[in-house]
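Notebook open, coffee poured. Here is what I looked up, in the order I got to it.

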Amino acid sequence: MTPADAAEAQRAFDASALAAGLGLRCLLVTDRRARVEMRVDPALRHPNGAVPGVLLGALCERAAALARTAAGGSGVPSAMSMRFVRGAFGDVVDAHAHVVDGTLVTVRLRDAADRVCATGTVTWAASGDAA
Amino acid sequence: MVGRLSGVPATDFRALRELLDGLPVSAALGLRCVEVDHGLVRVAMEAPAALLDGEPTVPFALVYGLADAAASYALHTVVAPEDLHVTTELTVHQVRAPARGALEAEGRVLRHGRRTAFAEVRVSDPAGALCALGSGTWAVVADSPHSIARHHAETAP
């Protein structure tokens with residue numbers, strides 16, 4: 001992936017409706033990795049201040065999909081599994097996605113205190129194919 | 001209430017439904033409870049147009065969120081209001097990418113104990129066809145100051 005390709009992938013991601021609506025921003029994309037930041041609207045947090053799991057799931061999937069696309073894959077995921085390690089607090093959550101192979105991407109989410117709050121794996125049915 | 005974790009009395013299901021529909025994240029994602037019963041919640045999602053690009057299908061990111069919400073909401077019907085339940089693990093399989101429109105998820109509690117609960121969820125597309133199914137585990141934290149229902153009761157006017 002050339003710097004121009006990366007810049008274009010980053011621009012396209014940031015311009016998507018879902019990214020804009022959920023406060024997602026691409027910080028980095030390479031051949032096999034993507035880093036996405038989510039700025040959490042304080043109004044959407046749970047009463048205890050935690051970021052809702054619904055938003056963490058969306059962040060995880062979007063980061064994984066970006067990494068897979070950068071690696072040359074396409075199609076929609078066939079499954080996503082997440083483990084929620086601890087509550088995510090603060091106004092920012094970071095997702096680091098890493099392409100393991102053509103159909104598997106792992107994601108690690110860190111909250112504003114830089115603590116791992118969740119991990120995820122996203123799989124596609126076949127390289128380049130839809131589920 | 002029969003026991004500590006025996007759940008919200010049936011007469012409270014209407015209040016529970018209002019509580020869940022009133023959560024900020026429900027409004028943001030277009031989630032609305034259509035049925036609340038003991039151990040079972042059906043949630044409809046009409047994703048806001050602002051979250052959708054020109055794609056003909058609903059993104060899996062939102063399908064997963066809907067599944068998580070439906071299963072978590074179902075836990076609200078069996079866990080005592082003063083207790084907190086948090087998702088520890090959830091896997092959702094996408095059978096087919098759903099067409100845009102109102103999706104519906106049915107979350108069902110399979111078993112709940114004093115510390116752990118298990119639930120499953122099925123998501124249907126606008127035509128009623130199965131598009132995703134999942135299952136997960138929730139941790140139950142007894143008598144938590146962070147219980148959403150407790151917080152709601154304490155802050156309600």
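I began with residues 1-8 of chain B, where pLDDT (the predictor's confidence in each residue, from 0 to 100) stays under 50. For that stretch the model has 28 contacts beyond four places in sequence, a contact being heavy atoms within 4.5 Å.

Ground rules before going on: this is a predicted model, with local features needing pLDDT of at least 70 and side-chain atom pairs counting only at pLDDT 80 or more, while totals for chains, interfaces and linings use all residues. Residues are numbered from 1 along each chain as its sequence is written, chains are lettered from A and ligands numbered from 1 in the order written, and side-chain values use heavy atoms, with hydrogens and water left out.

**Confidence.** I looked up the average for chain B and got a pLDDT of 85, with 83% of the residues at 70 or higher. Where in chain B is confidence lowest, and where highest? Helix α4 (residues 148-155) of chain B is at the bottom with a mean of 57, and strand β5 (residues 116-124) of chain B is at the top with 97. For the complex, I noted an ipTM of 0.92 and a pTM of 0.89 from the predictor.

**Layout of chain B.** I have 4 helices and 6 strands down for chain B; these are DSSP runs (helices H or I, at least four residues; strands E, at least two), numbered from the N terminus. The order along the sequence is α-α-β-β-α-β-β-β-β-α. Chain B has 157 residues, and 48% of them are buried. My cut-offs are under 20% relative accessible area for buried, over 50% for exposed, and partly exposed in between (1.4 Å probe, protein chains only). Taking contacts in chain B between residues at least 6 apart in sequence, I find that 65% join residues at least 24 apart.

**Leu103(B).** I picked out Leu103(B), which sits in strand β4 (residues 103-112) of chain B. Leu103(B) is buried, at 1% relative accessible area. Beyond four places in sequence, its contacts include Val43(B), Met45(B), Val58(B), Leu66(B), Pro98(B) and Val123(B). I also checked Leu103(B) against Ala129(B), 26 residues along the chain: their C-alpha atoms are 9.8 Å apart.

**Interface.** How many residues does each chain put into the contact? I count 28 from chain B and 28 from chain A. The area buried between the two chains (accessible area, 1.4 Å probe, that two parts lose on being put together, summed over both) is about 2400 Å², with 66% from carbon and sulfur atoms. I get 0 salt bridges between chain B and chain A, taking a salt bridge as a side-chain nitrogen of Lys or Arg within 4 Å of a carboxyl oxygen of Asp or Glu.

**Cysteines.** My search of the whole structure gave 0 disulfides over all chains, with a disulfide being a pair of cysteine sulfur atoms within 2.5 Å. Why is Cys26(A) not bonded to Cys60(A)? Because the sulfur of Cys60(A), the closest cysteine sulfur to that of Cys26(A), is 15 Å away, too far for a bond. Cys33(B) is in no disulfide either, and its nearest cysteine sulfur, in Cys131(B), is 18 Å off. Buried or exposed? Cys26(A) is buried at 1% relative accessible area, and Cys33(B) is buried at 1% too.

**Asp114(A).** Last stop: Asp114(A) has a positive phi of about 65° although it is not a glycine. I find Asp114(A) in the loop between β5 (104-110) and β6 (116-123) of chain A, and Asp114(A) is exposed at 52% relative accessibility.
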